[in-house]
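User: Please take me through this model by question and answer. Keep it brisk.

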Amino acid sequence: MREEPQGLAAGEIARRLSVPHNTMSAHLSVLLRSGWVVSQRRSRSIIYHANLKHMNETIQFLVHDCCANHPEICESFMVPQCSCLETQDEK
């Protein structure tokens with residue numbers, strides 16, 4: 001998420017996490033299929049981005065579910081927390 005909006009190549013993610021490339025590829029595939037990341041091809045690289053919209057929707061769902069019938073408890077969470085959502089929606 002720190003690398004938004006530019007994202008990171010799979011190889012760079014693997015290097016930063018000290019994970020073998022094939023292992024990182026498998027993890028990114030799972031995250032991609034589940035909607036937590038999105039990918040974008042740039043020449044020979046595939047750039048991965050956190051799917052901020054999906055994360056925000058999940059957090060909003062959890063907060064709403066957690067605060068059932070007591071919205072005052074979680075009121076501050078009901079407002080989108082990340083201004084980068086607009087940036088990612090433009091892609």
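User: How far does helix H2 reach from its first C-alpha to its last?

Analyst: This is a predicted model, where local features need pLDDT of at least 70, side-chain atom pairs count only at pLDDT 80 or more, and totals for chains, interfaces and linings use all residues. Residues are numbered from 1 along each chain as its sequence is written, and side-chain values use heavy atoms, without hydrogens and water. H2 (a DSSP run of H or I, at least four residues, numbered from the N terminus) covers residues 21–34, 14 in number. Its span is close to the 20 Å expected at 1.5 Å a residue (1.5 Å times one less than the number of residues): 20 Å.

User: Is Gly35 buried or exposed?

Analyst: Gly35 sits in the loop between H2 and strand S2 (37–42; strands are DSSP runs of E, at least two residues). Just after H2, Gly35 takes a positive phi of about 90 degrees. The cut-offs are under 20% relative accessible area for buried, over 50% for exposed and partly exposed in between (1.4 Å probe, protein chains only). At 18%, Gly35 is buried.

User: Which residues is Gly35 in contact with, leaving aside its neighbours within four places in sequence?

Analyst: Contact means heavy atoms within 4.5 Å. The C-alpha atom of Leu52, 17 residues along the chain from Gly35, is separated from that of Gly35 by 9.8 Å. The contacts of Gly35 beyond four places are Asn51 and His54.
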